[in-house]
Amino acid sequence: MNGLQPAKKFPNLPKLIDSLHTLGFKVGIYSSPGSNTCVLLPGSLGHESQDAEYFCSLKADLVKYDWCGYQAVYDSLLKTNQFSPEELAKAPYAKLGALLSACNQDNFYMLCQYGNNDVWKWGRSVGGHAWRTTTDIQDNWWSMSNIVGFRQAGLEVYAGHNGWNDMDHLRMGYSQPFPFTKKTELTAHEQYTQVSLWALLNSPLIISMHMDSIDAFTLQLLKNHEVLSMHQDPLGIQGRRVFKNIWQEIWTKQLSYG
């Protein structure tokens, strides 16, 4: 078995990753516990040990394990009544988590189940460092604001050092859909709000955009040292909601300097 192969655009993946590391970047690798990924490329089902060894050999800093290809497996096994929904949800993530841990290198393991199966309650126990608490974010204010307002309150008790609630990526600059030619529909103020809320709630700050087309506004927004300082506060306490009515919410976060 040859295992996973890099795309033709990246014929020498180890050299590419080494060069990115030299430039100070972190590098992520993506797979699914199913037989295919969300874009129908090969997943890791039945090849977990082989793939984990490959990810570790590449010195990947982040490994994201995305549910989509596993849904059919989950549904089929659930019908047998031999396993509980939680057992089936945890099993593949625990398997890869143990394999990644065994390679004894520093990597960030992201679990993605679209906010299902109460993943925040057990994500840390399977080796996860972040777990998605939401469906996929869309490029509009309704999606971004409702991810926070409808899904995050109360989840702060599960977050802390080495385990974070993930609200999906930041929508700014030129981003999806491919080929990265569509500028975000969020206004400047809405982008300020998203970055601030993601920092307040300690969500991983991951952008999905074309780096070659980054504009000055986006760059300065991402480099705001006060917001980043709040996100990286040593206490690692996630913000929580303290007030809500039909029009407004107030969120607060305890910081190390009071």
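How many positive and negative side chains does the chain have, and how far apart do the centres of the two sets lie? There are 21 positive and 23 negative side chains. The centres of the two sets lie 1 Å apart. The views below come from a predicted model.

**Figure 1. Overview of the chain, with nine helices and nine strands.** The radius of gyration is 19 Å, close to the 18 Å given by the globule rule for 258 residues, so the chain is as compact as a globular protein of that length. Along the principal axes, the C-alpha atoms fill a box of roughly 55 × 45 × 35 Å. Buried residues account for 41% of the 258 residues. Among contacts with a separation of 6 or more, 63% link residues 24 or more positions apart. The accessible surface comes to about 14300 Å². Carbon and sulfur atoms contribute 57% of that surface.

**Figure 2. The β8–β9 hairpin.** Strand β8 spans residues 240-244, and strand β9 spans residues 249-252. The two strands run antiparallel and are joined by four bridges. Four residues make the connection from β8 to β9. Across the pair, F243 stands opposite I250 of β9. In a regular strand, side chains alternate between the two faces of the sheet.

**Figure 3. Q194 in helix α7.** This helix covers residues 188-200. Is Q194 buried or exposed? Q194 has a relative accessible area of 0%, so it is buried. Which residues does Q194 touch, beyond those up to four places away in sequence? They are I137, M144, H169, L170, R171 and L186.

**Figure 4. A188, also in helix α7.** Helix α7 begins at residue 188. A188 has a relative accessibility of 35% and counts as partly exposed. The figure for Q194, by contrast, is 0%. A188 and L205 are 17 residues apart in sequence. Their C-alpha atoms are 17 Å apart in space.

**Figure 5. S203 in the loop between α7 and α8.** Helix α8, at the far end of this loop, spans residues 216-222. S203 is buried, at 0% relative accessibility. What is S203 in contact with, leaving aside its neighbours within four places in sequence? The partners are N165, D166, M167, D168, W198 and H231. One of them, W198, falls within the residue range of helix α7. S203 and R132 are 71 residues apart along the chain. Their C-alpha atoms are separated by 9.4 Å.

**Figure 6. L40, a loop residue with a positive phi.** L40 lies between β1 (28-31) and α2 (48-57). Its phi is about 65°, although L40 is not a glycine. Most residues other than glycine have a negative phi. L40 is exposed, with a relative accessible area of 68%.

**Figure 7. K59, in the loop between α2 and β2.** Strand β2 covers residues 62-66. What is the phi of K59? The value is near 60°, which is positive in a residue other than glycine. L40 also has a positive phi. Helix α2 borders both loops: the L40 loop leads up to α2, and the K59 loop runs between α2 and β2.

How values were computed. Residues are numbered from 1 along each chain as its sequence is written. This is a predicted model: local features need pLDDT of at least 70, side-chain atom pairs count only at pLDDT 80 or more; totals for chains, interfaces and linings use all residues. Side-chain values use heavy atoms; hydrogens and water are left out. The radius of gyration is taken over C-alpha atoms; the globule rule is 2.2 Å times the number of residues to the power 0.38. Buried means under 20% relative accessible area, exposed over 50%, partly exposed in between (1.4 Å probe, protein chains only). Contact means heavy atoms within 4.5 Å. Accessible areas come from the Shrake-Rupley method with a 1.4 Å probe; for residues, only the protein chains shown count as cover. Lys and Arg count as positive and Asp and Glu as negative; His and the chain ends are not counted. The place of a charge is taken as NZ of Lys, CZ of Arg, CG of Asp or CD of Glu. Two strands pair if DSSP finds at least two bridges between them.
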